[in-house]
Amino acid sequence: MLNETGSAEVSRAPLSCALMKPTPGARPDPDVAGLIELILTRYHAVHRAEFPVAIRLARKVEAVHADAPDCPHGLADHLAMMADDLESHQHREEEVLFPMILGGGSPMIRFPVRRMMDEHVDVEDQLRRLHELMRGYEVRPDACGTWRALATACRKLDCDLREHMRLENDVLFAPYLD
């Protein structure tokens, strides 16, 4: 459709496909609904709250300890990139995949499930880099409180993300794979 200037208008409505719609009459398993609620509250909401704190701590440590040989240079930027990637990933789960699962599935659900699992592999790579930048989350004995808090925050993000992905991959997504 062309607007009054002769340019094509782009619809902002979400894309919909009959194959992506839930199977008629299907009912979600109450355990699955509970698991999705757990993922949303214990992981998605917590990640959204904790990443900005870790980024702020990393920026402070990098600024104050820039000359220290063990300073985690680039950590704040790495955490910011992880947070951006995670926000996009979680948004797609919340807006597309979880509603499909709660609607009882669909013939095409394996495609978004595989996409999310592929992105989890990317997160594992990001976590390896986080571990490297933070030198295994160990801090020297004379480290300041901010650096110690940063190590604790990064270790928690690592553990939480790994458990989050395990729950999705092994429990929530597994029934939808070929």
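This tour moves through a predicted model, helix by helix, with selections to make in the viewer.

**Whole chain**

Display the complete protein as a cartoon. Four helices and zero strands appear, and the order along the sequence is α-α-α-α. Colouring the 178 residues by burial would mark 39% of them as buried. For a contact map, take pairs of residues at least 6 apart in sequence: 75% of such contacts join residues at least 24 apart.

**Helix α3**

Select residues 110-133, which form helix α3. How far apart are its end C-alpha atoms? They are 35 Å apart; the 24 residues, at 1.5 Å a residue, should span 34 Å, so the two values agree.

Next, show the side chains of P112, V113, M116, M117, E119, H120, V123, Q126, L127, L130 and L133, the buried residues of α3. To see part of what covers these positions, add α2 and α4, which are included in that cover. Then step just past the end of α3 to R135, where phi is positive, at about 50 degrees.

**α3 against α4**

Keep α3 visible together with α4. Their axes come within 11 Å and cross at roughly 160 degrees. An angle over 145 degrees counts as roughly antiparallel, and α3 is therefore roughly antiparallel to α4. The crossing of this pair is left-handed.

To isolate the contact, select M117, H120, V123, E124, L127, R128 and L130 on α3, and on α4 select C154, D158, L161, R162, M165, E168 and N169. By class, the residues of this contact comprise seven nonpolar, two polar and five charged.

**α2 against α4**

Hide α3 and select helix α2 (residues 75-102) with helix α4 (residues 145-172). The axes of these two helices come within 13 Å, crossing at roughly 25 degrees. Since angles under 35 degrees count as roughly parallel, α2 and α4 are roughly parallel to each other. Viewed as a pair, α2 and α4 make a left-handed crossing.

Which residues of α2 meet α4? Select L75, L79, M82, L86, H89, Q90, E93, F98 and I101; their counterparts on α4 are L150, C154, L157, L161, H164, E168 and L172. The residues of the contact of α2 with α4 divide into eleven nonpolar, three polar and two charged.

**Last selection**

Finish on α4 with C154, L161 and E168. These residues are among those that meet α2, and they also belong to the contact with α3.

Terms used: Residues are numbered from 1 along each chain as its sequence is written. This is a predicted model: local features need pLDDT of at least 70, side-chain atom pairs count only at pLDDT 80 or more; totals for chains, interfaces and linings use all residues. Side-chain values use heavy atoms; hydrogens and water are left out. Axes are lines fitted to C-alpha atoms, for helices over the stretch in contact, and angles run from 0 to 180 degrees between N-to-C directions. Angles under 35 degrees count as roughly parallel, over 145 as roughly antiparallel, 65 to 115 as roughly perpendicular and the rest as oblique. A crossing is left-handed if the near helix is turned anticlockwise from the far one by less than a right angle, and right-handed if clockwise. Contact means heavy atoms within 4.5 Å. Ala, Val, Leu, Ile, Met, Phe, Trp, Tyr, Cys and Pro count as nonpolar, Asp, Glu, Lys and Arg as charged, and the others, Gly among them, as polar. The expected span of a helix is 1.5 Å times one less than its number of residues. Buried means under 20% relative accessible area, exposed over 50%, partly exposed in between (1.4 Å probe, protein chains only).
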